[in-house]
Amino acid sequence: MALERLGASLHEALRKLFKAAVVDETAVKELVRDVQRALLQADVNVQLVLDISKRIEERALKEKVPLGISRREHVIKVVYEELTRFLGEKPVPLKIEPGKRKVLMLVGIQGSGKTTAAAKLARYFQKRGLKPALICADTYRPGAFDQLQQLANRINVPIYGDPKAKDPVKIALEGLKQFSDKDIVIVDTAGRHKEERELIKEMKMLEEKIKPD
């Protein structure tokens, strides 16, 4: 999964800093390059990567190290704080009430684990007494519907999809019609890459039509 690879890459970058004999400007800049590489490989927006790495480098080199910790510990703390700010410092609760349907649309790059996450989310809500359903709107990846169907069958959650269809918007809308009585409907989409402009356009169109919460 993409997040696991990102985590492993960031862990390796920090491990190199731990092993550095001296945490000087050279070591900090090497750390920043490693963080940049990890984020770019995870398909994070280039401008965001530049902004994050700039803040990390400036703080790591210019901030006064607090009493009681080493420069190495301070640099690691800076990386943690900046990545936390990027990912979101506070959790946002998802309020779902029985009888008031919510729609979740999962998007992300190829191999990021959306299909597995869709089933895990369905199981999560199911265990809390809600009625979930799954829609496979991935019309590109071979076996996408079969994979989600197998996962759905294991947890006894209804699923809609058409492995022969090519229009994800039509699939999603039809699925929403069928699942009008569910508390939450999770829509799994095809993996995207920032360079695949047609797929990005399709994703935006899907979002406009199904209006996820």
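**Helix 3 against helix 4, and a pocket**

Trainee: Which residues of helix 3 meet helix 4?
Mentor: In this predicted model, Leu48, Ile52, Arg55, Ile56, Arg59 and Ala60 are the helix 3 residues in the contact. On the side of helix 4, their partners are Arg71, His74, Val75, Val78, Val79, Glu81, Glu82, Leu83, Arg85 and Phe86.

Trainee: How do the residues of that contact divide into nonpolar, polar and charged?
Mentor: Nine are nonpolar, one is polar and six are charged.

Trainee: At what angle do the two helices pack, and how far apart are their axes?
Mentor: Helix 3, residues 46–62, packs against helix 4, residues 71–87, at about 150°. Their axes are 9 Å apart.

Trainee: Are they roughly parallel or roughly antiparallel?
Mentor: Angles over 145 degrees count as roughly antiparallel, and helix 3 and helix 4 are therefore roughly antiparallel to each other.

Trainee: Is the crossing left-handed or right-handed?
Mentor: Helix 3 passes helix 4 in a right-handed crossing.

Trainee: Turning to the second largest pocket, how much space lies in it?
Mentor: The second largest pocket holds about 150 Å³ of space.

Trainee: Which lining residues are the closest to its centre?
Mentor: Of the 16 lining residues, those are Asp138, Thr139, Arg141, Phe145 and Pro163.

Trainee: And which elements give two or more residues to the lining?
Mentor: Strand 2 (132–137) and helix 6 (144–155) do. Helix 6 supplies the largest share, three residues.

Trainee: What is the make-up of that lining by class?
Mentor: The lining of the second largest pocket has nine nonpolar residues, three polar and four charged.

Definitions and conventions: Residues numbered from 1 in each chain as written. Predicted model: local features only at pLDDT ≥ 70, side-chain atom pairs only at ≥ 80, totals over all residues. Heavy atoms only, no water. Axes fitted to C-alpha atoms, helices over the stretch in contact; angles between N-to-C directions. Helix = DSSP H or I, 4+ residues; strand = E, 2+ residues; numbered from the N terminus. Parallel < 35°, antiparallel > 145°, perpendicular 65-115°, else oblique. Left-handed = near helix turned anticlockwise from the far one by under 90°. Contact = heavy atoms within 4.5 Å. Nonpolar A, V, L, I, M, F, W, Y, C, P; charged D, E, K, R; others polar. 1 Å grid on protein atoms, 1.4 Å probe; cavity = no way out; pocket = protein on both sides within 12 Å on 5 of 7 lines; lining within 4 Å. Points joined across faces, edges and corners; volume = space filled by probe spheres on them.
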